[in-house]
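Work through the exercises below with the structure open beside you. Try each task before reading its solution.

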Amino acid sequence: MKTTAPWYIERRAESLAIVYLTRRDDLIISQPTPNQGLDFLITITKDGVYTGRLFGIEVKATDSTSNLKKHNDIFKLDKNRLSILLENFKDLPFPVCLFFFILETDQGYYKWILEPKIDGEKQVKLHFNEDDELKKLDDKEIANIISSINSWYDHRNNT
Amino acid sequence: MRDALGQRGEAIFTVLMTEFHSHAGPIFKPQFLGDKWQYIDFIVELVGAGKSVPYFFVQVKTTREGYTKKHNRLKVKVRQENVIGLASYPAPTYIVGIDEIQEVGYMVSANGESLKSLSSLSTQFQIIRQNRELLWQEVDDFWSRYHTNQLVSKFADQDWR
């Protein structure tokens with residue numbers, strides 16, 4: 001039987017994503033029309049100046065950990081549901097992350113969907129990541145995410 | 001486009017108001033009204049009030065200026081015009097101050113107050129579980145005095161009975 005998620009799951013999760021992301025002052029957060037693809041389009045600014053460096057965030061949440069698979073302190077998403085979600089973003093031309101929140105604790109987790117990669121010959125690519133493991137999300141990890149994206153754009157502009 | 005500080009304050013407000021009170025979830029349902037409303041940022045509905053849906057209005061002010069040294073009040077400015085505008089609605093109305101650095105919020109009533117501008121906001125009523133429950137009861141009590149279905153309208157559809 002198909003069940004509908006309660007109204008507060010999406011609203012609270014999106015607000016949490018904004019709270020996490022706006023702890024930095026170099027991100028401009030845009031919300032496209034609801035149900036039209038990604039939940040957030042983020043622009044990275046440099047010294048307050050618009051750079052055109054875009055990345056996407058898709059937000060999902062659950063109200064408690066009992067809805068998640070957990071192996072050795074690592075949360076995993078349902079692979080079947082995940083693959084349907086991931087396919088929607090496969091062809092996007094910029095990095096995309098999944099943010100996942102457990103609403104009973106407000107703790108955030110993340111995984112890359114399209115991960116920015118620079119290979120040995122300094123060629124840039126976006127790795128379509130089908131891994132189902134979630135990493136803990138905090139200010140340091142968000143800094144790492146932004147740093148990876150900036151580095152990817154730096155190399156892309158130099159090739 | 002909303003400025004980043006305002007966007008952050010609205011998100012913090014939503015997170016504070018939708019904190020879970022039980023397995024049934026939050027007791028408030030806030031809806032951002034967009035930038036075009038002059039005095040109101042949110043309409044907030046009470047969850048679980050029965051057949052009716054009581055609500056209140058909120059204006060959110062966000063600051064990174066911190067607190068006054070003397071009385072530990074949050075440094076937010078609200079112009080007199082905004083206080084009067086907010087208080088003119090025939091419904092419970094509140095001003096919420098958000099300290100965006102600490103990610104906490106404080107609420108004060110804009111009903112029946114002395115209609116002056118504010119240069120700082122009381123931190124007596126932090127948005128925490130206990131005050132959310134008091135607020136829920138206050139708004140529910142306000143609306144329970146009205147029998148909202150008793151309007152005799154000129155626009156009644158006679159076949160819709």
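The exercises that follow concern a predicted model.

**Exercise 1. Take stock of chain A.**
Task: State how many helices and strands chain A has, and give their order.

Solution.
- Step 1. Chain A holds three helices and nine strands.
- Step 2. Read from the N terminus, the order is α-β-β-β-β-β-α-β-β-β-β-α.
- Step 3. Turn to burial: of the 159 residues in chain A, 43% are buried.
- Step 4. Look at the contacts in chain A with a separation of 6 or more: 58% of them join residues 24 or more positions apart.
- Step 5. Finish with the surface. Chain A exposes about 8,900 Å², and carbon and sulfur atoms supply 44% of that area.

**Exercise 2. Describe helix α1 of chain A.**
Task: Find the span of α1(A) and decide whether this helix is mostly covered or uncovered.

Solution.
- Step 1. α1(A) has 15 residues. From first C-alpha to last, α1(A) reaches 22 Å, close to the expected 21 Å.
- Step 2. Count the buried positions: 12 of the 15 residues, so α1(A) is mostly covered.
- Step 3. Name some of them. Among the buried residues of α1(A) are Y8(A), I9(A), L16(A), I18(A), V19(A) and L21(A). R12(A) and E14(A) are also buried.

**Exercise 3. Place S147(A).**
Task: Say which helix holds S147(A), and whether S147(A) is buried, partly exposed or exposed.

Solution.
- Step 1. S147(A) belongs to helix α3 of chain A, residues 139-158.
- Step 2. The relative accessibility of S147(A) is 45%. Partly exposed covers the range between 20% and 50%, so S147(A) counts as partly exposed.
- Step 3. Compare sequence with space. S147(A) and L21(A) are 126 residues apart in sequence, yet 14 Å apart from C-alpha to C-alpha.

**Exercise 4. Build the five-stranded sheet of chain B.**
Task: Give the strand order of the open sheet in chain B, and explain why β1(B) and β5(B) each have a side without a neighbour.

Solution.
- Step 1. The order is β1-β2-β3-β4-β5, with mixed pairing.
- Step 2. β1 (28-32) and β5 (104-109) of chain B stand at the edges. Each has a single partner strand, so one side of each lacks a neighbour in the sheet.
- Step 3. Neighbouring strands of the sheet are turned by 30° against each other on average, direction ignored.
- Step 4. Follow the pairs. β1(B) and β2(B) are antiparallel, with five bridges; F28(B) has L46(B) as its bridge partner.
- Step 5. β2(B) and β3(B) are antiparallel too, over four bridges. Here E45(B) is partnered by Y55(B).
- Step 6. β4(B), residues 93-99, joins β5(B) through six bridges, again antiparallel. Y94(B) stands opposite S109(B), and D99(B) opposite V104(B).
- Step 7. Check the hairpin of β4(B) and β5(B). Four residues lie between the strands, and E103(B) takes a positive phi near 60°.

**Exercise 5. Cover the sheet.**
Task: Identify what lies across the sheet, and sort the residues of β2(B) by face.

Solution.
- Step 1. Helix α1 of chain B, residues 4-17, lies across β1, β2, β3, β4 and β5 of chain B. This helix runs at about 130° to β3(B).
- Step 2. Helix α2 of chain B, residues 80-87, also packs on the sheet and touches β3 and β4 of chain B. Its direction makes about 135° with that of β4(B).
- Step 3. In a regular strand, side chains alternate between the two faces of the sheet.
- Step 4. Apply this to β2(B). F42(B), V44(B) and L46(B) form the covered face; I43(B) and E45(B) form the uncovered one.
- Step 5. Return to the edge strand β5(B). Five of its six residues are buried, so β5(B) is largely enclosed by the rest of the structure.

**Exercise 6. Look inside.**
Task: Which residues touch the most other members of the largest nonpolar core, and what does T62(B) contact?

Solution.
- Step 1. The core has 87 residues; I57(A), F99(A), F101(A), F13(B), F28(B), F56(B) and V58(B) touch the most other members.
- Step 2. Helix α1 of chain A gives the most to this core, with nine residues.
- Step 3. Take F56(B). Beyond its neighbours within four places in sequence, its contacts include F28(B), F42(B), V44(B), Y94(B) and M107(B).
- Step 4. Now T62(B), which lies in β3(B). T62(B) is buried, with a relative accessible area of 19%; the cut-off is under 20%.
- Step 5. Leaving aside neighbours within four places in sequence, T62(B) contacts L5(B), G9(B), V76(B), I98(B) and E100(B).

Note on methods. Residues are numbered from 1 along each chain as its sequence is written. Chains are lettered from A and ligands numbered from 1 in the order in which they are written. This is a predicted model: local features need pLDDT of at least 70, side-chain atom pairs count only at pLDDT 80 or more; totals for chains, interfaces and linings use all residues. Side-chain values use heavy atoms; hydrogens and water are left out. Two strands pair if DSSP finds at least two bridges between them. Helices (H or I, at least four residues) and strands (E, at least two) are DSSP runs, numbered from the N terminus. Axes are lines fitted to C-alpha atoms, for helices over the stretch in contact, and angles run from 0 to 180 degrees between N-to-C directions. Contact means heavy atoms within 4.5 Å. Buried means under 20% relative accessible area, exposed over 50%, partly exposed in between (1.4 Å probe, protein chains only). A nonpolar core is a set of buried Ala, Val, Leu, Ile, Met, Phe, Trp, Tyr and Cys residues joined through side-chain atoms within 4.5 Å. Accessible areas come from the Shrake-Rupley method with a 1.4 Å probe; for residues, only the protein chains shown count as cover. The expected span of a helix is 1.5 Å times one less than its number of residues.
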